[in-house]
Protein chains: 2
Amino acid sequence: MSQTPTPNPPELVLLKKLWAQGPLPVRVLHDACADQLDWSFSSTRKTLTRMSDKGLVVYQKPEAKGVALYTARVSKTATLANMARDFMRRVLEVDGPLPHVVFSASKLLNDEELEELEGLLGG
Amino acid sequence: MSQTPTPNPPELVLLKKLWAQGPLPVRVLHDACADQLDWSFSSTRKTLTRMSDKGLVVYQKPEAKGVALYTARVSKTATLANMARDFMRRVLEVDGPLPHVVFSASKLLNDEELEELEGLLGG
DNA sequence: ATAAATATGCGACATTGGTCACAAAGTCAA
DNA sequence: TTGACTTTGTGACCAATGTCGCATATTTAT
């Protein structure tokens, strides 16, 4: 269960955009992340295909007319929860339940998502 | 200033041992981390030389008699502070000062070190 | 219908990190 | 001294990642 591969830094940037905006065409995604990933369009594309191979995103071919879209395949809360848990345990060696404060300071999560996280990490 | 390269997972394991025990010969370090790094002795050695190249540790040749020792070259608090800051900002997008709770839950830090961290991260 | 602009499919190359094996050099007890 | 065992120095290999470029399909504006 839960073999959600941990996204590496650039992958996370792309995923965040997809989480925030929903399915996007490569070009748009690239432009939207251009400030954070100082990349060529090719790099963005390649990274996206590799992410697709790993199951982090889903590639949808255009149906006759229109552009292809990429959609996040992994859940935002689950991904962040995994990353946070790994970091806390591996780096800081925190072993009990993670302090909930950590997440509430995040600009990425709203109340609903915070509750969800609470569930994912609880115990 | 502060081009302290972020140690990757195995590197961090080795560093932690050095922080806790002080300078150690490779063999000892290897044995001490054997449970966490399921590695051959060669891997430990290679990783150590690469860490030396990066400036994470210092290699001390034996002076005529005795074994070579590796010593951590980067500070524990500074390293953990950097890693935590990076993680919080990059992954969770926390932008204010980091919640101090995060560290107090860590089993790696004593009160003195916690204060030091406070200083490093404050502002 | 064409050419200009885009989008896609692929292959390529360099670096880093994980992981060893092997051979030369050193150490030490019998 | 002479093995036996350890330490060191190196070279190798492969997978993942960062990073492109190019050639071919597609789309779209004139």
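Trainee: What makes up the largest share of the surface near DNA strand D?

Mentor: In this predicted model, that's α3(A), with 6 residues. "Near" means a heavy atom of the residue lies within 4 Å of the strand, and a helix is a DSSP run of H or I of at least four residues, numbered from the N terminus. α3 of chain A spans 41-54, so it qualifies as a helix. α3 (41-54) of chain B also supplies at least two residues of that surface.

Trainee: Which residues are closest to DNA strand D?

Mentor: A:Trp39, A:Ser43, A:Arg50, B:Arg27 and B:Arg45, out of 18 that surround the strand. Sugar and phosphate account for 41% of the strand D atoms that come within 4 Å of the protein.

Trainee: Why is the pair formed by A:Ser43 and a phosphate oxygen of DNA strand D called a polar contact?

Mentor: The term needs a pair of N or O atoms within 3.5 Å; within protein, one must be able to donate a hydrogen and the other to accept it, and residues adjacent in sequence count only if both atoms are side-chain atoms. An N or O atom in the A:Ser43 side chain is 3.3 Å from that phosphate oxygen, so the pair passes. The A:Arg50 side chain has an N or O atom 2.5 Å from a base nitrogen of strand D, and B:Arg45 has one 2.5 Å from a base oxygen, so those pass too.

Trainee: Now the two chains. How many residues of chain B are in contact with chain A?

Mentor: 22 residues of chain B, against 22 of chain A, where contact means heavy atoms within 4.5 Å. They bury about 2000 Å², with carbon and sulfur atoms giving 69%; that's the accessible area (1.4 Å probe) lost on putting the two parts together, summed over both. B:Phe87, B:Leu92 and B:Glu93 supply 27% of what chain B buries there, more than any other three residues.

Trainee: Why do A:Asp95 and B:Lys107 count as a salt bridge?

Mentor: The rule wants a side-chain nitrogen of Lys or Arg within 4 Å of a carboxyl oxygen of Asp or Glu. Here N to O is 3.7 Å, so the pair makes the cut. The rule finds 4 salt bridges across this interface.

Trainee: Which helix gives the most to chain B's side?

Mentor: α4(B), with 8 residues.

Trainee: What are the ground rules for the numbering and the model?

Mentor: Residues are numbered from 1 along each chain as its sequence is written, while chains are lettered from A and ligands numbered from 1 in the order written. Local features need pLDDT of at least 70, side-chain atom pairs count only at pLDDT 80 or more, and totals for chains, interfaces and linings use all residues, while side-chain values use heavy atoms, leaving out hydrogens and water.
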